[in-house]
Amino acid sequence: MIHSLFIINGSGEIFMEKHWKTVVSKSICDYFFEAQKKCGNPEDVSPVIATPHHYLINICRSSLYFVAVLTNEGAPLFVIEFLHRIMDVFEEYFVTCTETTLKDNYVIVYELLDEMLDSGLPLATETSVLKELIKPPNLLRKVAHLVTGDSTNVSDALPSNQLSNIPWRRLGIKYTNNEAYFDLIEEIDAIIDRNGATVMGEIQGYIDCCVKLSGMPDLTLNFINPRLLDDISFHPCVRLKKWESDHVISFVPPDGNFRLISYHIGSQNSISIPIYVKSNIQYREGSSGRFELTVGPKQTMGKPLESVSIECAMPKSVLNCTLTPTQ
């Protein structure tokens, strides 16, 4: 499916490229650069660009552009998700994914791309599998490579995951303390009138997990009202048939950190916002005005709010403003 991958920095330089089926010339990226110039913000370029003989599918993260080249029409969301997965793996290996870190770890980057994609199709994308195939960089290993002259990081042994029926979890995991953490993260997008009443609201939610359990644990997660969830995206470990029949998340988790599920709750459902917001805008004669914003916690929620931050985006016509907090 994917023939080539180009990684471009913020200044438009192609500093890394990888080819699988056939070698595609760098000149194909000229279509991407033309699409960038047509956009006011370079990050607003269309994720899918059709050319006479190729399709360019791209993402932008951390001021880097990952541009995949396809010769045949394919599922663009599948490719976009895979590009994000590549970025996630790089961040797992190098902590931060920047032009400098990728250049400093050229060998590991190419070894990872070789393992993650085979003949243009995704192969190994779980970090637990990849870390057994390709060792993450560390200072001791770099010194050993300088001394021995051997720059490869590929393991000589077959990963234990390949011997398991579950590719995302290796065999023989043991912990002294067994623990599992689940973080429920929800982003609320709402429209509130001047009196504080919610006109429209929707939620984009995620469940991020950190699981450190011995053996092959089989976990089950229940929701009070699962029918509220829409546009659900599961980790491959989730048993889809169990969810479709009983609306229960049953899974054998990967070892370590992973995102179990992402979901959306639409505006047709009643959404309770933990804060109240009231606004008042006054326009004065001339070129001045007053914008008042009152924000506070709702007493009915029963839980304290922490780290509340407020950001007000002003139009370009506003030249200056004076902030006066009252509490």
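What follows is a set of questions and answers about a predicted model.

Residue numbers start from 1 along each chain as its sequence is written, and side-chain values use heavy atoms, with hydrogens and water left out. Since the model is predicted, local features need pLDDT of at least 70 and side-chain atom pairs count only at pLDDT 80 or more, while totals for chains, interfaces and linings use all residues.

Student: Let's start with the overall layout: how far apart do the C-alpha centres of domain 1 and domain 2 lie?

Tutor: The domain assignment gives domain 1 as 2-148 and domain 2 as 179-265; bounds of this kind come from an automatic or database domain assignment. Between the C-alpha centres of the two, the separation is 28 Å.

Student: There's an open sheet of five strands with antiparallel pairing; which strands stand at its edges?

Tutor: Strands are DSSP runs of E with at least two residues, helices are runs of H or I with at least four, and both are numbered from the N terminus. Two strands pair if DSSP finds at least two bridges between them. Reading across, the order is β2-β1-β5-β4-β3. The end strands have a single partner each, so one side of each is left without a neighbour in the sheet, and these are β2 (14-19) and β3 (48-50).

Student: In that part of the chain, which residue stands opposite I57?

Tutor: Strand β4 (residues 55-61) runs antiparallel to β5 (residues 64-70), and seven bridges join them. Within β5, the residue facing I57 is A68.

Student: And what sits in the loop between β4 and β5 with an unusual backbone angle; what is the phi of S62?

Tutor: S62 is in that loop. With a relative accessible area of 46%, S62 counts as partly exposed, because buried means under 20%, exposed over 50% and partly exposed in between (1.4 Å probe, protein chains only). Although S62 is not a glycine, its phi is positive, at about 55°.

Student: Helix α2 lies across some of those strands; at what angle does α2 run to β4?

Tutor: α2 (residues 76-94) lies across β1 (2-8), β3, β4 and β5. Angles here run from 0 to 180 degrees between N-to-C directions, with axes fitted as lines to C-alpha atoms, for helices over the stretch in contact. For α2 against β4, that gives about 40°.

Student: How far apart are the end C-alpha atoms of α2?

Tutor: The expected span of a helix is 1.5 Å times one less than its number of residues. α2 has 19 residues, so it should span 27 Å, and its end C-alpha atoms agree with that at 27 Å.

Student: Which element gives the most to the largest nonpolar core?

Tutor: A nonpolar core is a set of buried Ala, Val, Leu, Ile, Met, Phe, Trp, Tyr and Cys residues joined through side-chain atoms within 4.5 Å. This one has 35 residues, and F66, I86, F90 and L102 touch the most other members. β1, β2, β4, β5, α2, α4 (106-116) and α5 (127-133) each supply at least two residues. The top contributor, with ten residues, is α2.

Student: Which residues is I86 in contact with, leaving aside neighbours within four places in sequence?

Tutor: I86 belongs to the buried residues of α2, which also include V79, F82 and F90. Contact means heavy atoms within 4.5 Å. By that test, I86 is in contact with L5, F66, L113 and M116.

Student: Is I14 buried or exposed?

Tutor: I14 is found in strand β2. Beyond four places in sequence, I14 touches F6, I7, I8, K26, C29 and F33. Its relative accessible area is 17%, so I14 is buried.

Student: Moving to the open sheet of four strands, by how much are neighbouring strands turned against each other on average?

Tutor: The order is β8-β9-β13-β11, paired antiparallel. β8 (179-192) and β11 (230-234) are the edge strands, pairing on one side only. Ignoring direction, the average turn is 15°.

Student: Which residue in β13 is the bridge partner of Y206?

Tutor: β9 (residues 198-212) and β13 (residues 256-265) pair in the antiparallel sense over nine bridges. Across that pairing, Y206 is matched with S262.

Student: One last one: is D231 buried or exposed?

Tutor: D231 lies in strand β11. Phi of D231 is near 50°, a positive value in a residue other than glycine. With a relative accessible area of 56%, D231 is exposed.
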